[in-house]
Amino acid sequence: MIRKARLEDVERLRNIETAAGEAFRTLGMHAIADDDPPSVQELSRYVAAGTCWVSTAAEQQPVAYILVDQVDGNAHIAQVTVHPLYARHGIGSALIDEVASWAAPQGFEALTLTTFRDVPWNRPYYERLGFTVVPERLWAAGIRRLVLVEAADGLSAWPRVVMRRALGE
């Protein structure tokens, strides 16, 4: 089941992020695996704004989540994370489809995201879901600022891409 996140979900979302981060160790991306999950305050802001959705297991506990911002007139996926025990069951794509269903009537033109170019469960995964890489020369001001913030946070140590999936087509 997919639903809007609630404040009582926040600590569980942090645990999901920590567990999912461990997969990056297998690629030698220890800094990503060791990175702290989003703070309680940051996650609480998404919950309060109504831009955090969760997928729950039978006991109604979140097993995955997605965070969305508005960037350059698009619904920007800031984070989508699935607990490793629930990976490869279509949960991430279901969350993305839920956001697309929400975003289109809101007037957003597309879904956007930034991700690692060479991580198998990043760029190639999103391409299978209909996202395409946006060349740097076509980046709008907001996404360009976001990429700079990510670089300052150390994410540019590995090649990154901006991706987009049009809505309403």
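Against which elements do the buried residues of α3 pack? The model examined here is predicted. In it, the buried residues of α3 pack against helix α1 and strands β2, β3 and β4. Helix α3 spans residues 40-49, and its buried positions are Leu43, Ser44, Tyr46 and Val47. These four cover an arc of only 160° around the axis, which puts them on the same side of α3. An α-helix has 3.6 residues a turn, so residues three or four places apart point the same way. The other side of α3 carries exposed residues: Gln41, Arg45, Ala48 and Ala49. Glycine 50 follows α3, and its phi is positive, near 75°.

The strands form an open sheet. It has 7 strands in the order β1-β2-β3-β4-β5-β7-β6, and the pairing is mixed. The edges are held by β1 (residues 2-4) and β6 (residues 132-133). Each edge strand has a single partner, so one side of each is left without a neighbour in the sheet. Two helices were examined against this sheet. Helix α4 packs on the sheet and touches β1, β2, β3, β4, β5 and β7. The direction of α4 makes about 35° with that of β3. Helix α1 (residues 10-21) lies across β2 (52-56), β3 (62-71) and β4. The angle between α1 and β3 is about 95°.

Strand β5 covers residues 110-116, and 7 of its 7 residues are buried. On one side, β5 pairs with β4 (residues 74-82); the two strands run parallel and are joined by 3 bridges. Within this pairing, alanine 75 has leucine 111 of β5 as its bridge partner. The connection between the two strands passes through helix α4 (residues 91-106), and this β-α-β crossover is right-handed. Strand β5 also pairs with β7 (residues 160-166). Here 7 bridges are found, and the strands run antiparallel. In this pairing, phenylalanine 116 stands opposite arginine 160 of β7.

Strand β7 also contains methionine 163. Its relative accessible area is 0%, so methionine 163 is buried. Several of its contacts are with residues in the 111-115 stretch: Leu111, Thr112, Leu113 and Thr115. Methionine 163 also touches Arg123, Tyr126, Glu127, Phe131, Thr132, Val133 and Val134. This list leaves out residues up to four places away in sequence. Glycine 92 is 71 residues from methionine 163 in sequence. In space, the two C-alpha atoms are 16 Å apart.

Charged pairs were considered next. The structure holds 10 salt bridges. One of them joins the side chains of aspartate 97 and arginine 165, at 3.3 Å from N to O. Aspartate 97 lies in helix α4 and arginine 165 in strand β7, so the pair ties together parts that are 68 residues apart in sequence. The two partners fall into separate accessibility classes. Aspartate 97 is partly exposed, at a relative accessible area of 41%. Arginine 165 counts as buried, at 13% relative accessibility, because the cut-off for buried is under 20%.

A salt bridge also links glutamate 8 to arginine 6, with an N to O distance of 3.2 Å. Glutamate 8 counts as exposed, at 61% relative accessibility. Arginine 6 counts as partly exposed, at 39%. In another pair, the side chains of arginine 144 and glutamate 136 meet at 3.6 Å, N to O. Arginine 144 has a relative accessible area of 31% and is partly exposed. Glutamate 136 is partly exposed too, at 48% relative accessibility. Salt bridges with shared partners also join Glu22, Arg25 and Asp34 into one network.

How values were computed. Residues numbered from 1 in each chain as written. Predicted model: local features only at pLDDT ≥ 70, side-chain atom pairs only at ≥ 80, totals over all residues. Heavy atoms only, no water. Buried < 20%, exposed > 50% of the residue type's maximum accessible area, 1.4 Å probe, protein only. Pairing = 2+ DSSP bridges. Right-handed = clockwise from strand over helix to strand, strands pointing away. Contact = heavy atoms within 4.5 Å. Salt bridge = Lys/Arg side-chain N within 4 Å of Asp/Glu carboxyl O. Axes fitted to C-alpha atoms, helices over the stretch in contact; angles between N-to-C directions. Arc of directions from axis to C-beta.
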